[in-house]
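Okay, thanks for coming, everyone. Let me put my protein up on the screen and walk you through it.

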Amino acid sequence: MPIYEYRCGQCEKHFDATQSVHVRVEDTVCPHCHAQSATRLLSSCTTQVKGTRKPGFAEMKAYSMLDERMDKFAKLPPIMGKRATPDTIPPSDPSTDGIQEN
Ligand SMILES: [Zn+2]
């Protein structure tokens, strides 16, 4: 569930709340004064801070996908290795390697 940051309109304290996306802002109760006048803060830094506290699921998924991709790479035949033989390398400047010129 997403974590939202709120500012209480009653006591003006900031607090976090892990809520369903279906929960309305006006239903959010301040943990300090129990007023229902919180304002949801939409700061980008909120997600960053929560991300460090709670190791990102998306991040871990990305890492596992990267591992998968590297695994596939390792199983591929060494095409690049074959192309790198001296016979097939065009006599071009190494700095233009990979750039096709017309
Ligand atoms: Zn409050």
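**The hairpin and its sheet**

So, quick warning before anything else: this is a predicted model. Let's start with strands S1 and S2, which make a hairpin with five residues between them. In that turn, have a look at Glu 12, where phi is positive, at about 60°. The two strands of the hairpin run antiparallel, and five bridges link S1 with S2. If you want a pair to click on, try Tyr 6, which sits opposite Phe 15 in S2.

Now, what does S1 do on its other side? Strand S1, residues 3-8, also pairs with S3, again in the antiparallel sense, over four bridges. Tyr 6 turns up here as well, since it stands opposite Arg 40 in S3. Next to that on the chain, Arg 7 is opposite Thr 39 in S3.

Put it together and you get an open sheet of three strands, in the order S2-S1-S3, with antiparallel pairing. The edges are S2, at 14-18, and S3, at 38-41, and each of these pairs on one side only. On average, neighbouring strands in this sheet are turned by 40° against each other, if you ignore direction. One thing to keep in mind when you look at strands in general: side chains in a regular strand alternate between the two faces of the sheet.

**The zinc site**

Okay, on to the metal. Which residues hold the zinc ion? The SG atoms of Cys 8, Cys 11, Cys 30 and Cys 33 coordinate the zinc ion, at 2.2 to 2.3 Å. Along the chain, those donors follow the spacing C-x2-C-x18-C-x2-C. The angles among the four donor atoms go from 102 to 116°, and the site is tetrahedral. For reference, the ideal angle for four tetrahedral donors is 109.5 degrees.

Here's a nice one: is Cys 8 buried or exposed? Cys 8 counts as buried, because its relative accessibility is 0% and the cut-off for buried is under 20%. Cys 11 comes out at 27%, so that one counts as partly exposed.

**One more arginine**

Last stop: where do we find Arg 24? Arg 24 is in the loop between S2 and S3. With a relative accessible area of 48%, Arg 24 is partly exposed. And remember Arg 40, opposite Tyr 6? Arg 24 and Arg 40 are 16 residues apart in sequence, and their C-alpha atoms are 9.7 Å apart in space.

That's my tour, thanks for listening!

Conventions. Residues numbered from 1 in each chain as written. Predicted model: local features only at pLDDT ≥ 70, side-chain atom pairs only at ≥ 80, totals over all residues. Heavy atoms only, no water. Pairing = 2+ DSSP bridges. Axes fitted to C-alpha atoms, helices over the stretch in contact; angles between N-to-C directions. Donors = N, O, S within 2.8 Å, 3.2 Å for Na, K, Ca; no water. Tetrahedral: all angles 85-135°; square planar, octahedral: opposite > 155°, others 65-115°. Buried < 20%, exposed > 50% of the residue type's maximum accessible area, 1.4 Å probe, protein only.
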